[in-house]
Amino acid sequence: CPSDANNPTANGYVQREIAETTASSIYNTYRPYYATDADHRLSWWSQLSGASPSHWTPQWLQVDFGAPRPICNMQMRGLLTIGTPGTYDVLGSNQPDNETDFELHVLHRQAIDASACGMDYTNYNLRLGNYMDGSLARWRYVRIQFHTFAACATQHLYYAVNHVRFFGPSDAPSAPPPAVPAPRTPPPPPS
């Protein structure tokens with residue numbers, strides 16, 4: 001379900017409500033929910049990740065949609081050049097603490113440092129997948145697993161995400177098809 005980067009609510013898509021945001025760690029008072037709330041002045045920062053790449057501790061940010069939802073698009077914005085993620089995976093699961101289940105459902109792999117350091121959103125179409133019956137796969141939990149910092153990042157001690165948001169098809173029931181009019185009986189023949 002590809003989406004339009006310039007208009008993520010096109011095709012009837014809606015921005016997903018997030019019930020809870022958690023993270024692998026928290027630096028100082030920079031809470032995980034700051035990355036998903038309506039106040040874009042605050043950000044999530046991970047705990048110190050280590051002094052060098054060989055000592056970095058894996059960090060992640062996870063959202064809970066409250067129920068499984070189809071997710072087609074993610075938009076993420078860093079914090080200028082402070083701790084900007086470079087490479088990471090976006091993973092889906094319906095089991096919040098099952099690492100294996102997350103690893104089986106890679107929705108996006110940002111394997112190349114293509115992050116833009118700045119205050120603009122970077123748009124990612126997610127691999128949604130279909131079930132055997134053709135319906136869209138639905139995820140309750142989406143985790144962003146960070147691997148490296150962006151080349152433009154001015155520090156490499158903790159990750160920082162200013163805001164992340166998700167879009168997908170509406171869960172609202174579609175309108176029923178119009179009723180088919182009953183066939184009209186022809187008038188009786190003239191006598």
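**Exercise 1. Work out whether Thr36 is buried or exposed, and what surrounds it.**

Step 1. Start with the cover: Thr36 has a relative accessible area of 19%. Buried means under 20%, exposed means over 50%, and partly exposed is in between (1.4 Å probe, protein chains only). Thr36 therefore counts as buried.

Step 2. Before going on, a word on what you're looking at: this is a predicted model, where local features need pLDDT of at least 70 and side-chain atom pairs count only at pLDDT 80 or more, while totals for chains, interfaces and linings use all residues. Residues are numbered from 1 along each chain as its sequence is written, and side-chain values use heavy atoms, with hydrogens and water left out.

Step 3. Now place it: Thr36 sits in the loop between S2 and strand S3 (44–45). Strands (E, at least two residues) and helices (H or I, at least four) are DSSP runs, numbered from the N terminus.

Step 4. List the company. Skipping neighbours within four places in sequence, Thr36 is in contact (heavy atoms within 4.5 Å) with Ile18, Thr21, Val63, His163 and Val164. With Thr21 there's also a side-chain to side-chain polar contact at 2.6 Å. A polar contact is a pair of N or O atoms within 3.5 Å; within protein, one must be able to donate a hydrogen and the other to accept it, and residues adjacent in sequence count only if both atoms are side-chain atoms.

**Exercise 2. Find the sheet that holds S9, and give its strand order.**

Step 1. Walk across the open sheet of 5 strands and you get S2-S4-S9-S6-S7, with antiparallel pairing. Two strands pair if DSSP finds at least two bridges between them.

Step 2. Pick out the edges: strand S2 (20–23) and strand S7 (106–110) each pair on one side only.

Step 3. Count the bridges. Strand S4 (residues 59–69) is joined to S9 by 7 bridges, and S6 is joined to S9 by 8. S6 and S7 pair over 4 bridges.

Step 4. Check a few partners: Leu91 has Arg143 in S9 as its bridge partner, and Val90 stands opposite His108 in S7.

Step 5. Look at the cover of strand S6 (residues 85–93): 9 of its 9 residues are buried.

**Exercise 3. Describe the surroundings of Tyr141.**

Step 1. Tyr141 belongs to strand S9 (residues 139–149), and Asp64 stands opposite Tyr141.

Step 2. With a relative accessible area of 9%, Tyr141 is buried.

Step 3. Not counting residues up to four places away in sequence, Tyr141 touches Gln62, Val63, Asp64, Leu91, Gly92, Ser93, Asn94, Gln95, Pro96 and Phe102.

Step 4. Take Pro96 from that list: Pro96 and Tyr141 are 45 residues apart in sequence, yet 6.3 Å apart in space, C-alpha to C-alpha.

Step 5. Finish with the side chain of Tyr141, which makes a polar contact with the side chain of Arg140 (3.2 Å).

**Exercise 4. Summarise the whole chain and the confidence in it.**

Step 1. Count elements: the protein chain has 1 helix and 11 strands, in the pattern β-β-β-β-β-β-α-β-β-β-β-β.

Step 2. Of its 191 residues, 42% count as buried.

Step 3. Among contacts between residues at least 6 apart in sequence, 74% join residues at least 24 apart.

Step 4. Mean pLDDT, the predictor's confidence in each residue from 0 to 100, is 80 for the protein chain, and 78% of its residues reach 70 or more. Among the elements, strand S8 (residues 122–125) has the lowest mean (80) and S2 the highest (96).
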